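Work through the exercises below with the sequence and the three-dimensional structure at hand. Each task is followed by a solution that proceeds step by step.

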Amino acid sequence: MGTLATILTLILIFSFFVFVTFFGRLPALKNTPVASLYRLLWVHLPKKIYSLDTRFTGGRFTSSISRFGNHMLYDRHPTVVIIFLVIMLAGYTLYLPAIFPQISLLTKATCCVLASLPLIFLYLSCAVDPGYVTPETLSYHMTLYPYDYALFHPGAECRTCKLPKPPRSKHCSICKRCVAKSDHHCVFINSCVGYGNHRWFLLLLFSTAAMTSFGGILGLSVLGHDLQRKYPAFTLLPSRSVSNSYTRWASIWGFGLHSNIPLGSSTLLALLTSPLVWGLFFYTLYQVYTGVTTNESQKWTELKEDMEDGYAWTRSLPMNRTRDLKIEPRCERWPVQPERVIVATVDGLAPKRPGMVGEGEWVRVRALREVENLYDMGFWDNLGDVFVQDYAFGEGLDEPVAEKRRKKR
């Protein structure tokens with residue numbers, strides 16, 4: 001089982017590093033073992049290697065590795081997309097010819113559809129404008145969402161693009177542009193995930209997860225039935241009987257996988273990567289459910305820390321306040337407007353700058369539960385906003401915010 005063991009080991013190592021790299025930085029997993037593994041692999045271990053390299057080579061080795069890593073992860077190029085495509089197409093090349101002679105016409109058609117959808121959604125995720133903010137699109141993106149006066153305040157200007165920053169936007173240092181409703185930059189699509197391609201990215205994750213799950217289960221089923229013809233007492237799942245002990249069951253599975261390496265290796269690849277893709281999909285879907293992006297999740301984490309340290313303050317924001325429509329255009333499609341302004345100070349004292357928006361006394365905010373996320377309109381409306389451009393919520397702006405919130409619940 002040398003060849004199969006090598007393939008399995010490489011798949012496990014790859015899946016482990018990808019899992020830790022993607023999930024270890026998430027704010028939701030900040031104080032978990034996954035985050036500790038991320039810091040060990042990507043912070044503490046590199047520091048130790050750099051210390052040793054500085055002693056023996058003057059830092060030349062780690063400097064070269066660092067430049068290569070920065071180029072791969074922080075420069076815009078299609079290398080990772082090509083590697084992703086090669087792995088996917090190599091899996092198809094191994095899997096489909098090996099399994100097609102043993103499955104029905106309907107199952108073949110299902111395989112073809114599930115194999116095609118990730119390629120289609122990958123192309124759309126890469127090719128569609130994620131929502132770049134340019135002088136031509138600025139007015140449109142400024143009216144997509146209202147400023148929530150918590151994470152996003154009117155009047156901010158991007159120091160790189162020299163343009164006003166629309167609500168929910170962020171400048172991407174890799175794309176060299178601001179992106180509307182920026183989620184994150186994804187090296188697997190060589191682009192940002194933003195307002196324009198968020199739907200295609202979500203469908204890419206779902207279709208890839210469905211494809212790997214279906215392929216893995218189907219591959220195991222075909223391999224298992226082949227083994228049952230050779231070993232009638234064999235069962236797909238381990239049995240407690242003496243004649244079919246766990247050791248014998250594992251040995252028979254090992255023989256089956258090794259006897260058909262193309263199908264066995266591609267099935268293992270699908271089964272081992274499927275949980276990773278499902279995890280990314282459900283995390284992205286959870287963010288849709290809560291009405292936040294990855295960028296906003298990080299901002300909420302920072303604001304939560306300011307609240308715990310006593311640096312966050314709030315006061316009332318009148319609905320009938322005078323607006324400067326040049327920096328805060330009216331968002332007609334959004335059914336709610338902010339009722340309070342939240343700011344964090346560097347010294348922990350109440351804001352004193354004259355001319356700040358809002359009225360009344362400044363009050364400390366101690367916890368996130370005291371604050372409402374303006375962009376969370378309920379799961380179905382959040383999902384509609386992802387999949388339908390200029391999604392209309394079907395409500396006017398003259399209804400009290402509290403009443404709208406009750407309707408959303």
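**Exercise 1: the surroundings of a histidine**

Leaving aside residues up to four places away in sequence, His-141 touches Gly-131, Tyr-132, Val-133, Pro-166, Pro-167 and Ala-180, where contact means heavy atoms within 4.5 Å. The model is a predicted one, in which local features need pLDDT of at least 70 and side-chain atom pairs count only at pLDDT 80 or more, whereas totals for chains, interfaces and linings use all residues. Residues are numbered from 1 along each chain as its sequence is written, and side-chain values use heavy atoms, with hydrogens and water left out.

Task: state in which helix His-141 lies, and decide whether His-141 is buried or exposed.

Solution. Step 1: His-141 belongs to helix α6; helices (H or I, at least four residues) and strands (E, at least two) are DSSP runs, numbered from the N terminus. Step 2: the relative accessibility of His-141 is 6%, so this residue counts as buried, given that buried means under 20% relative accessible area, exposed over 50%, and partly exposed in between (1.4 Å probe, protein chains only).

**Exercise 2: a sheet and a charge over a ring**

Task: give the order of the strands in the open sheet of three strands, and find which ring lies under the charged end of Arg-177.

Solution. Step 1: the order is β1-β3-β2, and the pairing is antiparallel; two strands pair if DSSP finds at least two bridges between them. Step 2: β1 (132-133) and β2 (170-172) are the edge strands, each of which pairs on one side only. Step 3: β1 and strand β3 (residues 177-179) run antiparallel and are joined by two bridges, with Tyr-132 standing opposite Val-179 in β3. Step 4: the charged end of Arg-177 sits over the ring of Tyr-132, 4.5 Å from its centre; the rule asks that NZ of Lys or CZ of Arg be within 6 Å of the ring centre and within 35 degrees of the ring normal.

**Exercise 3: salt bridges between distant parts**

Task: identify the salt-bridge partner of Arg-168, and name the residues that shared partners join into one network.

Solution. Step 1: a salt bridge is a side-chain nitrogen of Lys or Arg within 4 Å of a carboxyl oxygen of Asp or Glu, and by this rule the count comes to seven. Step 2: Arg-168 pairs with Glu-296, their closest N and O atoms being 2.6 Å apart; this links the loop between α6 (138-142) and β2, where Arg-168 lies, to helix α10 (residues 294-308), which holds Glu-296, 128 residues apart. Step 3: Arg-168 is buried at a relative accessible area of 2%, and Glu-296 counts as buried at 1%. Step 4: Arg-168 also lies over the face of Tyr-375, at 4.3 Å from the ring centre.

Step 5: Lys-181 forms a salt bridge with Asp-385, with 3.6 Å between the closest N and O atoms. Since Lys-181 lies in the loop between β3 and β4 (184-186) and Asp-385 in helix α11, the pair ties together parts that are 204 residues apart in sequence. Step 6: Arg-333 meets Asp-385 as well, at 3.0 Å from N to O; Arg-333 lies in the loop between β6 (312-316) and β7 (340-344), so this pair ties together parts that are 52 residues apart in sequence. Step 7: salt bridges that share partners thus join Lys-181, Arg-333 and Asp-385 into one network; both Lys-181 and Asp-385 are buried, and Arg-333 is buried too.

**Exercise 4: aromatic pairs**

Task: classify the pair of Phe-206 and Phe-281 from its distance and angle, and say which helices hold the two residues.

Solution. Step 1: rings of Phe, Tyr and Trp (its six-membered ring) pair if their centres lie within 6.5 Å, and planes under 30 degrees apart count as stacked, over 60 as edge-to-face and the rest as tilted; the whole structure holds 17 aromatic pairs. Step 2: the centres of Phe-206 and Phe-281 are 5.4 Å apart and their planes stand at 50°, so the pair is tilted. Step 3: Phe-206 lies in helix α7 (residues 198-230) and Phe-281 in helix α9 (residues 261-290), so the pair ties together parts that are 75 residues apart in sequence. Step 4: Phe-206 counts as partly exposed at 40% relative accessibility, whereas Phe-281 is buried at 8%.
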